[in-house]
Amino acid sequence: MKNLLVIAMFAVTLTACSQDNLPEVSLDWSLTENTLQPPAGHAAVFTLTNTGSVALESGWELYFSAIYVAQRPRFDSTQVIIEHLSGEWFRLQPVSVTEPLEPGASVSFAYSSPRFLNANTQFPEGPYLVLADSETTIPIRKYTTPRIELEEVAEHYAHTNRRVPTAERLYEQNEGLSLLNADAISPIIPTPVSMQRGEGYYTLPESAILHHAPIFATEAAIFADAFRGLLPAELRIAPSEEAHIRLQADDAIENPEGYRLSIDDTGIEIHASGLAGAHYGFQTLLGLLTAQWDEDVAIILPHIEIEDYPRFGFRGLFLDISRNFQEKEDILRLLDLMSYYKFNVFQLHLANDEAWRIEIPGLPELTEVAARRGHTETHRDNLHPSFASGPDPDHSPYGSGYLSTEDFIEILHYARDRHIQVIPEIVAPGHMRAAIMAMHARYDRFMAEGDENAANEFLLEHPEDTSEYLSVQRFRNNTMDVCMESSYRFYEHVLDAILAMYVDAGVDISTFHVGGDEVPRGVWTGSPACAELIERSDDLTATADLHNYYYTRLHGMLAERGLQLAGWEEVGQQLVRENDRNVNRPNTGLLGKNIRLHAWNAVVGWPGTDMAYQLANAGYEVVMSNSSNIYFDLAYDMHPDEPGLHWSGYVNLRSAWQMTPFNHFISNDFDIQGNQVDAAEMARNHVALTEEGKKRIIGLQGQLWTETVKGPDMMFYYLLPKMLGLAERAWSPDPQWAEITNTSRRNSLREQDWNRFANTVGQVEFPRLERIFGGYNTRIPRAGARIIDGMLHANVESPGLIIRYTTDGSEPTAASAMYTQPIAIDGPVQLKVFTPSGNFGGVMYIQP
């Protein structure tokens, strides 16, 4: 790395700074070095400029968020100290600045960090100043950063196999795709089990009548509301033998989520035995009705016979609202989307290190302190800023916020009516820093009132604990002490408060998710409470034994209330010694307790690739939640403008669609390094799923963690169209190619299947998603392109979308030329993909 320099340019005149006359500043962050070659890393310079008319007095500090700056960056300590505080929160102290920074003057500080940066979303963000009085904060409104271009990323990785999404690479990936006729693709996702098209067509009258069996009143009402909001026709519910849409109860349909739908000259008829089946029949009908969007054309439907039921009874989506908050209204819009694509489980992550997001009567600090983020030195009034949430807790839309009891009850009602089970998650014992800080604030409040018993009632951390540890996300003091009775009183209080909301909502609950992931090594080793517990217990000999002790107690707490314990895979793991190394294996000590595990840590080629199979084979109930295919917070690809994380690779529509639960070794063609996967070799080196184990895999769940997700538009950008691939795999039958052992034949059939699915997404789902339930922000793919013998060839991941191009150096618009066939070019070309309505994706460049 280059030598670190500090350049300071300022006058020495002292100027007072008051709350009414604050200095104005700008900040520039620039890269001076960024290399992938060993030793990999980056070097950068912060430059602060006084852009106002008031001097900035010395003693200020700069705070910022940075996931991709190492915990211990390098700097010249005679000039600056850059200190990791907690999580991704850093403080820069300008040691060399002892005089005011006058208007127009600048000061610069350099550092280096052993992290290579390959995306424009990886720079420090959310900077603000704290003045010398330690109370006044100044958000930095003008903050500039450089741009990393795609060509730079490609150059950095040229010596590797990484899948950098250049125009040529995308063209190669899409080369097997072609535009299909509408009658060759499914008009809906997920694809039904059986769908037979007839010869004729049925025209739905402009004033249509819906008749339903009395038991299906709620399902009919929800469908009618959606119909009226989307289609140029009237629909009234009435008992009529001449109804145009008829829903019949039919006990002959065995699966309560199954249905039969037929359209002929007599109208539309749906048969179902269960409420959920009726609802899903209506969602399929809604899909058929909205497969074309033209308000000036009558609704004409092909004669069709559909028989359908789900492959898995558990079809889940997980949303983290702790890292960055999502409002109730946007959660309801997500439930609409889930309902339409036939998801039936919604896991709501309500707390983590960065915030607590649900009101708990009797524990006001959880929302008054832990649901608010802003600058703090004590964490007693609010938590510190995370993910650039800003210094002001009252103006932090994604940092501050929580669901009231009324909000949560409304979510429960809304989900129940759409046949979605809401599973709350209160993560413990790790990832609990928000709750720990809140209970410290509660402790201080009651101690100030002289009530020591109340102060200790729900304390989550022993005041004399000397344990030293750092979590994966770089938090200290983020793990509840499982040896303190107050910890169990806290969890029980929270549990009962949430269960009371289900009772008030009149909604059943059978499963409670307790988290359990990523407990840091080193916790409890310095806890006096744990030392005392181990000393007096015949069953405990070391802190390693506390894992089963804790989950046995938590299991009992839930079992007393008739609840199943669900947790992440770590709950059912134990560390064992094999071949001179520590490895995770299924925990035999917790078997037989009806525990459900979400297997998630499945980086392609790493040991965890087969963890779901190990756990299911051992006897645990398993939900496959694989990071490699259905962690939707991972970036779509390596383009530097794509937001998202990449610790487990990249996840896109194809990744989710290609996931094969019972043969996971063919779920990915490339590992995290971009190397071709040898599925047969991987299968030989990992545990195979047994027939008994297969019975214990109850379904699939996609995850959206929200460290990088801010607001509803970003939430839906990350989810769409990725979640359509998951919907297909969770509901539709296992594809024929999944069981074929011959690689060439399997891949051939798979590509044909992918072409059909990709065409449905491009021709039907993109236009639908722009309008259904008010419309959603959907990520539109970039064009692939290649120049062959002077001719431009272009394609797109979702045939049916429109490619437009320019040759004059301007970015394509909706009025630019449409690509329909190869064209001769002699200079640079810009391409952009559009939907028929004019929405567009990112620009791509190519030149001869």
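# Reading strands, helices and rings

Mentor: Let's start with β5 and strand β6 (residues 89-93), which run antiparallel and are joined by 5 bridges. This is a predicted model, in which local features need pLDDT of at least 70 and side-chain atom pairs count only at pLDDT 80 or more, while totals for chains, interfaces and linings use all residues. Residues are numbered from 1 along each chain as its sequence is written, and side-chain values use heavy atoms, leaving out hydrogens and water.

Trainee: What makes β5 and β6 a pair, given the 5 bridges that join them?

Mentor: Two strands pair if DSSP finds at least two bridges between them. With 5 bridges, β5 and β6 meet that rule, so they count as paired. Two of the matches are easy to find: I82 stands opposite L92 in β6, and S86 has W89 as its bridge partner. The two strands form a hairpin with 2 residues between them, and G87 in the turn has a positive phi of about 60°.

Trainee: And what makes β5 an edge strand?

Mentor: It pairs on one side only, as does β9 (137-139). The order of this open sheet is β5-β6-β4-β8-β9, with antiparallel pairing among its 5 strands.

Trainee: Why is one side of β11 and of β13 left without a neighbour in the sheet?

Mentor: β11 (194-204) and β13 (234-237) stand at the edges with a single partner strand each, so one side of each has no neighbour. Their open sheet has 7 strands, ordered β11-β17-β15-β16-β14-β12-β13, and its pairing is mixed. From one strand to the next, the twist averages 20°. Within it, strand β15 (residues 259-264) and strand β16 (residues 267-272) run antiparallel, joined by 5 bridges, and D264 has G267 as its bridge partner in β16.

Trainee: Now the helices: why are α3 and α4 called roughly parallel?

Mentor: Angles run from 0 to 180 degrees between N-to-C directions, along axes fitted to C-alpha atoms, for helices over the stretch in contact. Under 35 degrees counts as roughly parallel, over 145 as roughly antiparallel, 65 to 115 as roughly perpendicular and the rest as oblique. α3 (residues 217-230) and α4 (residues 275-289) pack at about 15°, with axes 9 Å apart; they are therefore roughly parallel.

Trainee: Which residues of α3 make the contact with α4?

Mentor: Contact means heavy atoms within 4.5 Å, and E219, A220, F223, A226, F227 and L230 make it from the α3 side. On α4, the residues include H279 and F282.

Trainee: How do you know that α5 and α18 are roughly parallel to each other?

Mentor: Helix α5 (residues 328-340) and helix α18 (residues 712-719) cross at roughly 25°, and their axes come within 11 Å. That angle falls under the 35 degrees cut-off, so the pair is roughly parallel. Among the contact residues are R333 of α5 and F716 of α18.

Trainee: Last one: why is the pair of F408 and Y502 called edge-to-face?

Mentor: Rings of Phe, Tyr and Trp (its six-membered ring) pair if their centres lie within 6.5 Å; planes under 30 degrees apart are stacked, over 60 edge-to-face and the rest tilted. The count by this rule is 34 aromatic pairs. F408 and Y502 have ring centres 5.8 Å apart and planes at 70°, so this pair is edge-to-face. F408 lies in helix α7 (residues 405-417) and Y502 in helix α10 (residues 485-505), so the pair ties together parts 94 residues apart in sequence.

Conventions: Helices (H or I, at least four residues) and strands (E, at least two) are DSSP runs, numbered from the N terminus.
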